[in-house]
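Dear colleague,

Please find below the structure that I am handing over to you. An account of what was found in it follows directly after.

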Amino acid sequence: MTQRLTVPKTYKLFVGGAFPRSESGRTYEVRSARGAFLANAALASRKDARDAVKAAVGAGAKWAGATAYNRGQVLYRVAEILDGRRAQFVDEIVAQTGVSAAVAGAEVDEAVDRWVWYAGWCDKFAQVAGSLNPVAGPYFDISVPEPTGVVGIVAPQDSALLGLVSAVAPALVAGNAVVVVASERYPLSAISLAEVLATSDVPGGVVNVLTGSPAEIAPWLASHPEVHALDLVGAGDLDWVDLEIAAAETLTRVLRPERGPDAAAPSLHRITAFTETKTVWHTKSLV
């Protein structure tokens, strides 16, 4: 019996709802924990980062304009599809990281649960983060959270899937669009998650996934005038102070790197970190 040759896969970027190659044509090899070749991944460039931000800007208004209930439904659908492809994600995590199938399965299950957790907050966090303010006069004074806009994210670099989900999902709750730099060492799960997003109801361009070197891509996101917030949760090994300085030039909000086994643990703070507060005054009826 003739042995069948393997067909090496090249994982592309996810920009604007499509899967383009890097404009530079560059790729890099993804290897297993034991050094075996797994696949090629696109090595994103500065131009790819700009294209991703442009796609996020174009898609942001539609996503932000959706009702909170609808965003919750869409994000829950992502969790459903992710759970349906559990076996694929388990295999990829085992291949990339070398952990057992049980450990990989636990990571996928936690990623699904975390996505569901954030989906449930879509139509609830405004009641917690907003307020009815007491004022001296015949007015209603109401403060409500609104999305910041485009959020650039450096995903945790030591996690194949859970860290990525933990960084991306909370930014989507309020209606932000995202450009995320995936783990350079474990990029396969990131592009598989992009395939999940592409087959769900998330509008194209709301989430854009770049693979490659965070050290190369992050400075361009930090200094881009149309990136309104920067999550450096996975930038602990970079010179993140320089990224923060670059972001300050355009008044970009920055969430600094966090340390610990689960730096991006689920919290309401990770949702409100990417919102702005709008206060509305309304005259009370005298009738």
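How do the axes of H4 and H6 cross, and within what distance do they come? This is a predicted model, and in it the two axes come within 9 Å and cross at roughly 10 degrees. Angles under 35 degrees count as roughly parallel, and H4 and H6 are therefore roughly parallel to each other. On the H4 side the contact is made by Glu107, Glu110, Ala111, Arg114, Trp115, Tyr118 and Trp121. On the H6 side the residues are Leu162, Val165, Ser166, Val168, Ala169, Pro170, Leu172 and Val173.

Two of these H4 residues also pair with one another. The side chains of Glu110 and Arg114 meet in a salt bridge, with 3.1 Å from N to O. Both belong to helix H4, which covers residues 101-121, and as they are four residues apart there, about one helical turn separates them. An α-helix has 3.6 residues a turn, so residues three or four places apart point the same way. The surroundings of the two partners are as follows: Glu110 is partly exposed, with a relative accessible area of 30%, whereas Arg114 is buried, at 4%.

The nonpolar core

Which residues of the largest nonpolar core touch the most other members? They are Trp115, Val168, Leu172 and Val209, in a core of 64 residues. Helix H6 (residues 162-173) gives the most to this core, contributing nine residues. Val168 touches Trp115, Ile153, Val178, Val180 and Val207, leaving aside residues up to four places away in sequence. There is also a second, separate core; its 25 residues include Leu13, Ala42, Ala44 and Val181. In soluble globular proteins, nonpolar side chains tend to be buried together.

Helix H7, residues 188-198, is mostly covered, since nine of its 11 residues are buried. These buried residues are Leu188, Ser189, Ala190, Ile191, Ser192, Leu193, Ala194, Val196 and Leu197.

Other salt bridges

The model has 13 salt bridges. Side chains of opposite charge can pair when their charged atoms come close. Besides the pair in H4, one may note the salt bridge between the side chains of Asp123 and Lys124, at 3.1 Å from N to O. Asp123 counts as partly exposed at 33% relative accessibility, and Lys124 is partly exposed with a relative accessible area of 44%.

A further salt bridge joins Glu244 to Arg256, where the closest N and O atoms are 2.9 Å apart. Glu244 lies in helix H9 (residues 240-248), while Arg256 is in the loop between strand S10 (253-255) and helix H10 (269-272), so this pair ties together parts that are 12 residues apart in sequence. Finally, Lys9, Arg85 and Glu195 are linked in a network of salt bridges.

The sheets

Strands of a sheet pair through backbone hydrogen bonds, either parallel or antiparallel. One open sheet has three strands in the order S4-S5-S11, and the pairing is antiparallel. Its edge strands, each of which pairs on one side only, are S4 (131-133) and S11 (275-283). From one strand to the next, the twist averages 30 degrees. Strand S5 (residues 139-147) pairs with S11 in the antiparallel sense over nine bridges.

Tyr139 merits a separate word. This residue is placed in strand S5, where Tyr139 stands opposite Thr283 in S11. Tyr139 touches Trp281, His282, Thr283 and Lys284, not counting residues up to four places away in sequence. Is Tyr139 buried, partly exposed or exposed? With a relative accessible area of 36%, Tyr139 is partly exposed. The C-alpha atoms of Tyr139 and Ala155 are separated by 44 Å, although these residues are 16 residues apart along the chain.

Another open sheet is formed by three strands in the order S1-S3-S2, with mixed pairing. Here the edge strands are S1 (10-11) and S2 (27-31), and each pairs on one side only. S1 and strand S3 (residues 37-42) pair in the parallel sense over two bridges. Within this sheet, Thr10 has Asn40 of S3 as its bridge partner.

Yours sincerely

Note on methods: Residues are numbered from 1 along each chain as its sequence is written. This is a predicted model: local features need pLDDT of at least 70, side-chain atom pairs count only at pLDDT 80 or more; totals for chains, interfaces and linings use all residues. Side-chain values use heavy atoms; hydrogens and water are left out. A salt bridge is a side-chain nitrogen of Lys or Arg within 4 Å of a carboxyl oxygen of Asp or Glu. Buried means under 20% relative accessible area, exposed over 50%, partly exposed in between (1.4 Å probe, protein chains only). A nonpolar core is a set of buried Ala, Val, Leu, Ile, Met, Phe, Trp, Tyr and Cys residues joined through side-chain atoms within 4.5 Å. Contact means heavy atoms within 4.5 Å. Two strands pair if DSSP finds at least two bridges between them. Axes are lines fitted to C-alpha atoms, for helices over the stretch in contact, and angles run from 0 to 180 degrees between N-to-C directions. Angles under 35 degrees count as roughly parallel, over 145 as roughly antiparallel, 65 to 115 as roughly perpendicular and the rest as oblique.
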